[in-house]
Amino acid sequence: MAKGVTPRSQDYAAWYTDVITRAGLADYGPVKGTMVIKPYGFSLWEHIKASLDGMLRESGHVNAYFPLFIPKSFLAREAEHVEGFAKECAVVTHTRLKATEDGQLIVDPESRLEEEVIVRPTSETVIWSMYKKWIQSYRDLPLLINQWANVVRWEMRTRLFLRTTEFLWQEGHTAHASAAEAEQEARKILDIYRRLAEDFLALPVITGTKSEAEKFAGAEHTYAIEAMMGDRRALQAGTSHNLGQNFARAFQVTFQNEANEEELVYATSWGVSTRLVGALIMAHGDDKGLRLPPRIAPVQVIIVPIYRQERDKTSIQDYLTPLKARFEECGIRFAEDWSDNSPGFKFNEWEMKGVPLRLEVGPRDVENGKVVLVRRDTGEKLFREVGRVADELPRLLDEIQTELFRQAQQFRDQHTYRVTSYDEFKAILNGDGGFIRCGWDGTRETEARIKEETKATIRCIPFDEQPEGLTCIYSGKPARHEVIFAKAY
RNA sequence: CGGGGUGUGGCGCAGUCCGGUUAGCGCGCCUGCUUUGGGAGCAGGAGGUCCCGGGUUCGAAUCCCGGCACCCCGACCA
């Protein structure tokens with residue numbers, strides 16, 4: 001195996017998969033499009049998950065679990081929804097296999113299901129079939145349920161973490177007594193997603209509304225957080241939908257309001273997935289590998305001992321004992337690398353894994369009462385007194401967190417353009433690419449034409465849009481919205 | 001579903017055109033010794049249905065026919 005990864009500038013896609021495999025995040029599964037999330041990658045996901053789960057609980061949501069299998073007929077209940085997902089559903093048609101005389105294993109034709117079931121691509125339909133049973137009165141509302149689950153979407157083209165046939169996510173499904181409350185919920189969740197991205201993943205995002213063409217199948221409105229990756233393409237990092245009464249209507253979920261009138265329930269759904277891991281890799285990674293934000297890094301500090309002889313090793317171990325005790329008191333996630341690999345190898349290895357801080361201790365440090373710290377974000381070397389380093393670490397980790405965010409934000413801003421002519425628009429997309437902020441006449445036709453001609457799509461209509469006085473980049477008509485265009489994953 | 005490519009020890013590849021020793025190289029792995037402040041050195045060693053199935057031939061990784069799988073590029077998508 002080569003020593004490093006393919007440089008980003010040479011082949012971004014190869015760099016991305018190299019980093020994932022070399023850092024030990026994931027591996028390809030045996031079935032096309034599937035992925036094994038390895039312990040280090042899974043630990044990263046679990047930290048992301050814990051961060052979000054905490055925020056969801058604080059805002060009154062509870063976790064539950066709904067079945068993987070859904071009757072095929074459920075999907076068809078909501079017209080747009082079936083349209084959106086039918087093409088990518090895995091379908092279970094039989095319930096068993098059997099061995100033939102010549103030892104082959106075949107699907108037992110006698111086990112054919114009367115009603116075929118689908119593997120959930122998302123759970124709106126099963127969940128609303130249950131909500132029908134659970135909701136009668138306004139007193140049953142709001143219902144604020146979240147589930148952490150796997151879903152399957154049989155995609156044509158897959159990429160590790162960004163789009164796999166099966167992926168892990170959380171999906172929230174809420175029911176409300178008024179349209180206004182559902183709208184407020186959808187927006188509240190989007191803000192939680194924004195905080196997850198910005199405060200935990202150090203990933204600056206743009207919040208906004210999806211165009212009709214890009215919204216979720218079955219939603220009234222879709223809101224999203226959009227982030228810029230290192231190749232200046234956009235990645236949708238989370239979505240929140242106001243479903244209006246569409247699913248309540250499809251599943252006949254009504255409640256009696258305070259005026260004793262029967263009314264359809266108002267709904268939202270929202271989700272973020274393991275795609276966030278892909279976002280982290282592409283937003284922060286460099287040619288040495290991952291760079292993880294301390295708040296979600298599985299290992300925040302890697303201790304690398306450096307020694308020649310057994311007695312040095314022993315003295316380093318003793319030297320580290322009180323320091324490690326202090327780390328534990330401070331709640332710092334640290335690990336030690338006592339493997340037989342050379343120090344240089346370990347440095348590269350842990351940089352590949354994106355550990356925010358490396359702490360080196362060698363005989364010279366033991367003699368002088370020092371340690372050496374090296375920041376992954378800046379490469380800076382810091383020499384510190386062993387007795388004081390634990391007190392400083394929480395602040396230093398915060399600083400790294402902030403710095404990663406700052407770098408990503410600066411990168412995004414440098415590659416965000418406001419343009420007024422379609423020629424400029426195309427020049428940017430044919431060049432380095434980036435986010436383009438411009439006017440749009442609000443028509444599906446314009447959006448479709450631009451996509452066809454440039455591959456760029458409307459990522460969102462940002463909440464802070466200022467369409468007044470703008471003209472449409474394509475048609476020249478007065479702009480209905482100011483939007484962000486970009487090529488997207 | 002179109003277009004392109006690749007299937008050979010764990011990984012990356014050479015060998016295939018032009019059939020012929022025991023299928024080779026780098027990395028990794030195992031053992032031992034020496035090393036260790038930016039991917040250590042030497043010595044020894046283990047590890048292969050050459051994607052699968054037919055065919056041609058005295059002889060097939062190599063030629064012929066058929067299949068399968070995966071990767072990349074496009075249309076669809078969190």
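**Exercise 1. Strand β24 and its neighbours**

How many bridges join β24 to strand β25, and in which sense do the two run?

*Solution.* The model is predicted. Work through β24 one side at a time.

Step 1. Find β25 at residues 481-486. Three bridges join β24 to β25, and the two strands run antiparallel.

Step 2. Pick a residue pair. Thr-457 has Ala-486 in β25 as its bridge partner.

Step 3. Turn to β11, residues 206-209. This strand pairs with β24, residues 457-462, over two bridges, again in the antiparallel sense. Gly-208 is found opposite Pro-462 in β24.

**Exercise 2. The sheet of 11 strands**

Write down the strand order of the open sheet of 11 strands, and name its edge strands.

*Solution.*

Step 1. Read across the sheet. The order is β3-β9-β10-β16-β13-β12-β11-β24-β25-β23-β22, and the pairing is mixed.

Step 2. Name the edges. They are β3 (62-63) and β22 (416-418), each of which pairs on one side only.

Step 3. Follow β10 to one neighbour. Strand β9 (residues 143-152) and strand β10 (residues 166-176) are antiparallel and share 10 bridges. Gln-147 has Glu-171 in β10 as its bridge partner. Leu-143 faces Ala-175 in β10 as its opposite residue.

Step 4. Follow β10 to another neighbour. Eight bridges link β10 with strand β16 (residues 266-273), and this pairing is antiparallel. Here Gly-172 is opposite Trp-270 in β16.

Step 5. Add a rule for reading such strands. Side chains in a regular strand alternate between the two faces of the sheet.

**Exercise 3. The sheet of five strands**

Why is one side of β18 and of β21 left without a neighbour in the sheet?

*Solution.*

Step 1. Set out the order of this open sheet of five strands: β18-β17-β19-β20-β21, with mixed pairing.

Step 2. Look at the ends. β18 (334-336) and β21 (381-385) stand at the edges and have a single partner strand each, so one side of each lacks a neighbour in the sheet.

Step 3. Consider the turn between strands. Ignoring direction, neighbouring strands of this sheet are turned by 25° against each other on average.

Step 4. Check one pairing. Strand β17 (residues 301-305) and β18 are parallel, with three bridges between them. Ile-303 stands across from Glu-336 in β18.

**Exercise 4. Two helices that cross**

Describe how the axes of α9 and α12 meet.

*Solution.*

Step 1. Recall what is needed. Two packed helices are described by the angle between their axes and the distance between the axes.

Step 2. Take the distance and the angle. The axes of helix α9 (residues 310-330) and helix α12 (residues 389-414) come within 9 Å, and they cross at roughly 40°.

Step 3. Classify the angle. Angles under 35 degrees count as roughly parallel, and 65 to 115 as roughly perpendicular. α9 and α12 are therefore oblique to each other.

Step 4. Give the hand. The crossing of these helices, α9 and α12, is right-handed.

**Exercise 5. The surface near RNA strand B**

Which element supplies the largest share of the surface near RNA strand B?

*Solution.*

Step 1. Count the surroundings. RNA strand B has 39 residues around it, and the closest are Lys-32, Ser-342, Gly-344, Gly-362 and Arg-364.

Step 2. List the contributors. At least two residues each come from β13 (234-244), α10 (343-352), α11 (363-368) and β20 (370-375).

Step 3. Choose. α10 supplies the largest share, seven residues.

Step 4. Sort by type. This surface has 16 charged, 14 nonpolar and nine polar residues.

**Exercise 6. Domains**

What are the domain bounds of chain A?

*Solution.*

Step 1. From the domain assignment, take domain 1 (12-284), domain 2 (301-396) and domain 3 (416-486).

Step 2. Add a distance. The centres of domain 1 and domain 2, over C-alpha atoms, are 41 Å apart.

Definitions and conventions:
Residues are numbered from 1 along each chain as its sequence is written. Chains are lettered from A and ligands numbered from 1 in the order in which they are written. This is a predicted model: local features need pLDDT of at least 70, side-chain atom pairs count only at pLDDT 80 or more; totals for chains, interfaces and linings use all residues. A residue is near a molecule or strand if its C-beta atom, placed from the backbone, lies within 6 Å of it. Helices (H or I, at least four residues) and strands (E, at least two) are DSSP runs, numbered from the N terminus. Ala, Val, Leu, Ile, Met, Phe, Trp, Tyr, Cys and Pro count as nonpolar, Asp, Glu, Lys and Arg as charged, and the others, Gly among them, as polar. Domain bounds come from an automatic or database domain assignment. Two strands pair if DSSP finds at least two bridges between them. Axes are lines fitted to C-alpha atoms, for helices over the stretch in contact, and angles run from 0 to 180 degrees between N-to-C directions. Angles under 35 degrees count as roughly parallel, over 145 as roughly antiparallel, 65 to 115 as roughly perpendicular and the rest as oblique. A crossing is left-handed if the near helix is turned anticlockwise from the far one by less than a right angle, and right-handed if clockwise.
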